[in-house]
Amino acid sequence: MGIRDKISKLLRRRREHRHAPLIAAGAAEMMQTLATQQRLDEVRALRAKTNPLLAHGYKVFSQNDEDGIIHEICRRLNIGETGAFLEIGVGDGSENNTLNLLVKGWKGVWLGGEPLSYADLMDRLAFEQRWITRDNVAGIIQRALPQLDIRALDLMSIDIDGNDWHIAQSVLENGIRPSVMVVEYNGTFDPHTEWVMPYDNDHRWDKSAYFGASLASFHRLLKAHGYFLAACNSTGVNAFFVKDEFRALFPELPDDWHSIFMPANYHPYPYLGHPVTQRLIGALIGK
């Protein structure tokens, strides 16, 4: 059934139902979701040759389609259920890039500036509520990993809406080199423009385009430390870098990394399933 047919069906139900106002609100929300889904499907189809890992994207607990892209990358690297992650900027713990890995059996560390929305943590997860800076991040990581007997990181994700590039630089220059690096880039800039937000120890995101760094700047930084760009997600939020030693596992990637770029497309990601509640999250990761 096409999107027009689905919308027509919803409107027909609205006319026939005695609770017309409630149906109208639900229909409007559904129409917006379906329209967004159709637009993203068109974007994926259009960019399939230049950004091929988009085809694997889907949402479980990530903000957008990052969960699916991460799964495919880790599948190719043959990382099963015993991987190790570290994520900087996890929100309240209910929506981020590594919760799905935790559910699958991975272990790891979360660092963030706000408390989690649930109290119990399992033996495979360590959480530290800290304000992360370029000066303290390496030390915090080096102290946190031994708590879970993590000797090497398979994946790191950085999303703090501001000093992300500077945090990534500090991590890499201190010899912390995960197999996969997921970074939030500023999709306002085209892939040929380098820009990094000047470091601000007290930065708070004001919901404007003043944050982070362009994809070109992240590419220069990560390439210098032995990584290649494997994908950008469909909404132009996250970029996925993989160590050069695994490049042969991604033969379909284009030679020109610029073509993988996705511009900012910050509409709410369509999700047609039931809402994910704190009760579910607590049941998944609680002791």
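Here are some short exercises, each with a worked solution, on a predicted model.

**Exercise 1. Find which residues of helix α5 are buried, and work out how they sit around the helix axis.**

Step 1. Start with the span of the helix: α5 covers residues 137–144.

Step 2. Pick out its buried residues, which are Val137, Ala138, Ile140, Ile141 and Ala144.

Step 3. Look down the axis. These residues cover an arc of only 165°, which puts them on the same side of α5. A general rule helps here: an α-helix has 3.6 residues a turn, so residues three or four places apart point the same way.

Step 4. Now see what lies over them. The cover includes the strands β1 (84–88), β2 (107–112), β3 (125–129) and β4 (155–158), along with helix α6 (164–173).

**Exercise 2. Decide whether serine 170 is buried or exposed, and list what it touches.**

Step 1. Place the residue: serine 170 belongs to helix α6.

Step 2. Compare its relative accessibility with the cut-off. Buried means under 20%, and serine 170 has 10%, so it counts as buried.

Step 3. Find its contacts. Not counting residues up to four places away in sequence, serine 170 touches Arg134 and Val137. Val137 is also one of the buried residues of α5.

**Exercise 3. Describe the surroundings of isoleucine 158.**

Step 1. Locate it: isoleucine 158 is part of strand β4.

Step 2. Check its exposure. The relative accessible area is 0%, so isoleucine 158 is buried.

Step 3. List its contacts, leaving aside neighbours within four places in sequence. They are Ile88, Asp164, Ile167, Ala168, Met181, Val182, Val183 and Glu184.

Step 4. Compare chain and space. Valine 90 is 68 residues away from isoleucine 158 along the chain, yet their C-alpha atoms are separated by 8.8 Å.

**Exercise 4. Work out which strands pair with β7, and in which sense.**

Step 1. Begin with β7 itself, residues 238–243. Five of its six residues are buried, so the strand is mostly covered.

Step 2. Take β5 (residues 180–184). This strand pairs with β7 in the antiparallel sense, over five bridges. In β7, phenylalanine 241 is the bridge partner of methionine 181.

Step 3. Take β6 (residues 227–232). Its pairing with β7 is antiparallel too, over five bridges. Here phenylalanine 228 has valine 242 of β7 as its bridge partner.

Step 4. Look at the turn. The hairpin of β6 and β7 has five residues between the strands, and glycine 236 takes a positive phi near 70° there.

**Exercise 5. Describe the largest pocket and the largest cavity by volume and lining.**

Step 1. Recall the idea behind the search: rolling a probe the size of a water molecule over the atoms shows where empty space is left.

Step 2. Take the pocket. The largest one holds about 960 Å³ of space and is lined by 39 residues, with Asp159, Ile160, Asp161, Glu184 and Trp205 nearest its centre. Sorted by class, the lining has 14 nonpolar, 16 polar and nine charged residues. Strands β1 and β2 each supply at least two of the lining residues.

Step 3. Turn to the cavity. The structure holds one cavity of 30 Å³ or more, and the space in the largest cavity is about 30 Å³. Its lining consists of Asp67, Ile70, His71, Asn97, Asn100, Leu101 and Lys104. Helices α3 (66–76) and α4 (99–104) are the elements that give two or more residues to this lining.

Step 4. Sort the cavity lining by class: two nonpolar, three polar and two charged residues.

Conventions:
Residues are numbered from 1 along each chain as its sequence is written. This is a predicted model: local features need pLDDT of at least 70, side-chain atom pairs count only at pLDDT 80 or more; totals for chains, interfaces and linings use all residues. Side-chain values use heavy atoms; hydrogens and water are left out. Buried means under 20% relative accessible area, exposed over 50%, partly exposed in between (1.4 Å probe, protein chains only). Helices (H or I, at least four residues) and strands (E, at least two) are DSSP runs, numbered from the N terminus. The arc is that of the directions from the helix axis to the C-beta atoms. Contact means heavy atoms within 4.5 Å. On a 1 Å grid over the protein atoms alone, a cavity is a set of points where a 1.4 Å probe fits but cannot get out, and a pocket is an open set with protein on both sides within 12 Å along at least five of seven lines; lining residues have an atom within 4 Å of a point. Grid points are joined across faces, edges and corners, and a volume is the space filled by probe spheres set on the points. Ala, Val, Leu, Ile, Met, Phe, Trp, Tyr, Cys and Pro count as nonpolar, Asp, Glu, Lys and Arg as charged, and the others, Gly among them, as polar. Two strands pair if DSSP finds at least two bridges between them.
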